[in-house]
Amino acid sequence: MDNMSEKFIGLSVVWLTVVCSTFGAPVEVPGQVDPAPLDAMLRRYVDDRGLVNYRAWKASAADLEALKGWLAKLDGTGAVGDDKAATLINAYNALTIGWILHNYPVKSIKATNNPWGAKRHRLGGRLVSLDEIEHDTLRPQLGYRVHAVLVCAAKSCPPLRAGAFTANRLPDQLDDRFRVWLAREDLNSFDAGKGRAELSKIFSWYAKDFPDLTAVLAKYGPVKGEYKIGYKSYNWALNEQ
């Protein structure tokens with residue numbers, strides 16, 4: 001990606017962050033949706049680096065139907081608290097995977113038609129977009145930790161968890177994924193000797209969500225210290241095995 005493209009993307013996300021500070025109506029989902037079917041598929045097709053075997057998943061008619069069937073269970077309301085948050089995180093990641101599988105083979109989610117803004121997903125009795133799940137619902141509910149668990153199918157995204165999120169373990173899972181994300185040197189790197197950290201551009205794009213970044217790094221970072229912050233280039237290539 002050239003500097004001009006990266007600057008445009010950065011400005012676009014900053015603009016989106018400002019716009020979404022006046023959050024719209026939250027996205028609803030039914031209560032107590034069993035994550036087990038999705039969990040089984042994620043364990044089957046996602047490796048320990050968070051990369052997806054889209055080719056094999058696309059080739060399995062049974063698992064394509066299983067993914068479609070699990071997503072069909074989300075057309076209802078009633079979930080609250082961690083139950084709602086866990087289901088919506090799972091929904092965001094599953095819908096993103098489903099969109100990639102629909103368009104596969106594809107080199108990047110950015111090569112597809114309006115992946116985040118289009119209202120093409122039926123949740124809570126209406127058609128919603130991925131942006132609505134993230135900005136209108138999960139960011140207000142979970143704060144900055146949401147950025148470690150929503151995966152937009154790019155190699156520079158936080159690594160996709162090889163398993164579903166669950167309501168009863170969600171706080172621990174959020175903390176764990178934040179630590180996993182910061183510990184990945186290709187995504188976030190820390191040089192304590194030089195006092196320099198190169199972080200994901202997500203921390204820059206969503207700086208408003210990190211008013212005390214020093215405290216966040218002290219809590220979750222793999223190497224404690226005081227750092228001058230820089231940001232890595234974002235790789236939008238598909239998070240494919």
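# A first look at this predicted protein chain

Start with a caution: over residues 1-21 the pLDDT stays under 50, and the model has 24 contacts for this stretch beyond four places in sequence. This is a predicted model, and the protein chain as a whole averages a pLDDT of 93, with 90% of the residues scoring at least 70. Nine helices and five strands make up the list of elements in the protein chain. The points below go from the whole chain to two of its helices and then to single residues.

**The chain as a whole**

- Following the sequence, you will meet the elements in the pattern α-α-α-α-α-β-β-α-α-β-β-α-α-β.
- The protein chain has a radius of gyration of 17 Å, close to the 18 Å from the globule rule for 241 residues, so it is as compact as a globular protein of that length.
- Along the principal axes, its C-alpha atoms fill a box of roughly 50 × 35 × 30 Å.
- Of the 241 residues in the protein chain, 51% are buried.
- Among contacts with a separation of 6 or more, 73% are between residues 24 or more positions apart.
- About 11300 Å² of the protein chain is exposed, and carbon and sulfur atoms supply 53% of that area.

**Helix α5, an enclosed helix**

- Helix α5 covers residues 81-103, and its 23 residues reach 33 Å from the first C-alpha to the last, close to the 33 Å expected at 1.5 Å a residue.
- Because 18 of its 23 residues are buried, α5 is largely enclosed by the rest of the structure.
- A86 is one of the residues in helix α5, and with a relative accessibility of 3% it counts as buried.
- Leaving out residues up to four places away in sequence, A86 touches F165, T166, A167 and L170.
- T137 is 51 residues from A86 along the chain, and the C-alpha atoms of the two are separated by 12 Å.

**Helix α4, with two faces**

- Helix α4 (residues 61-72) has 12 residues that should span 16 Å at 1.5 Å a residue, and its end C-alpha atoms are indeed 16 Å apart.
- Its buried residues are D63, L67, W70 and L71; they cover an arc of only 100° around the axis, which puts them on the same side of α4.
- An α-helix has 3.6 residues a turn, so residues three or four places apart point the same way.
- The buried residues of α4 pack against α2 (36-45), α3 (54-59) and α5.
- Turned away from that buried side is a face with the exposed residues A61, A62, E65, K68 and A72.

**Loops worth a visit**

- Between α5 and β1 (121-123) there is a loop that holds P105, and a cis peptide bond with omega of about 5° joins Y104 to P105.
- N114 lies in the loop between α5 and β1 too; its phi is positive, about 45°, although N114 is not a glycine.
- At 41% relative accessibility, N114 counts as partly exposed.
- A153, in the loop between α6 (130-142) and α7, is not a glycine but has a positive phi of about 70°.
- A153 counts as buried, with a relative accessibility of 2%.
- R184 sits in the loop between α7 (170-183) and β3 (189-191), and at 13% relative accessibility, under the 20% cut-off, R184 counts as buried.
- Apart from neighbours within four places in sequence, R184 is in contact with R49 and P159.

How values were computed
Residues numbered from 1 in each chain as written. Predicted model: local features only at pLDDT ≥ 70, side-chain atom pairs only at ≥ 80, totals over all residues. Heavy atoms only, no water. pLDDT = per-residue confidence, 0-100. Contact = heavy atoms within 4.5 Å. Helix = DSSP H or I, 4+ residues; strand = E, 2+ residues; numbered from the N terminus. Expected span 1.5 Å × (residues − 1). Buried < 20%, exposed > 50% of the residue type's maximum accessible area, 1.4 Å probe, protein only. Arc of directions from axis to C-beta. Rg over C-alpha atoms; globule rule 2.2 N^0.38 Å. Areas by Shrake-Rupley, 256 points an atom, 1.4 Å probe, with all protein chains shown as cover.
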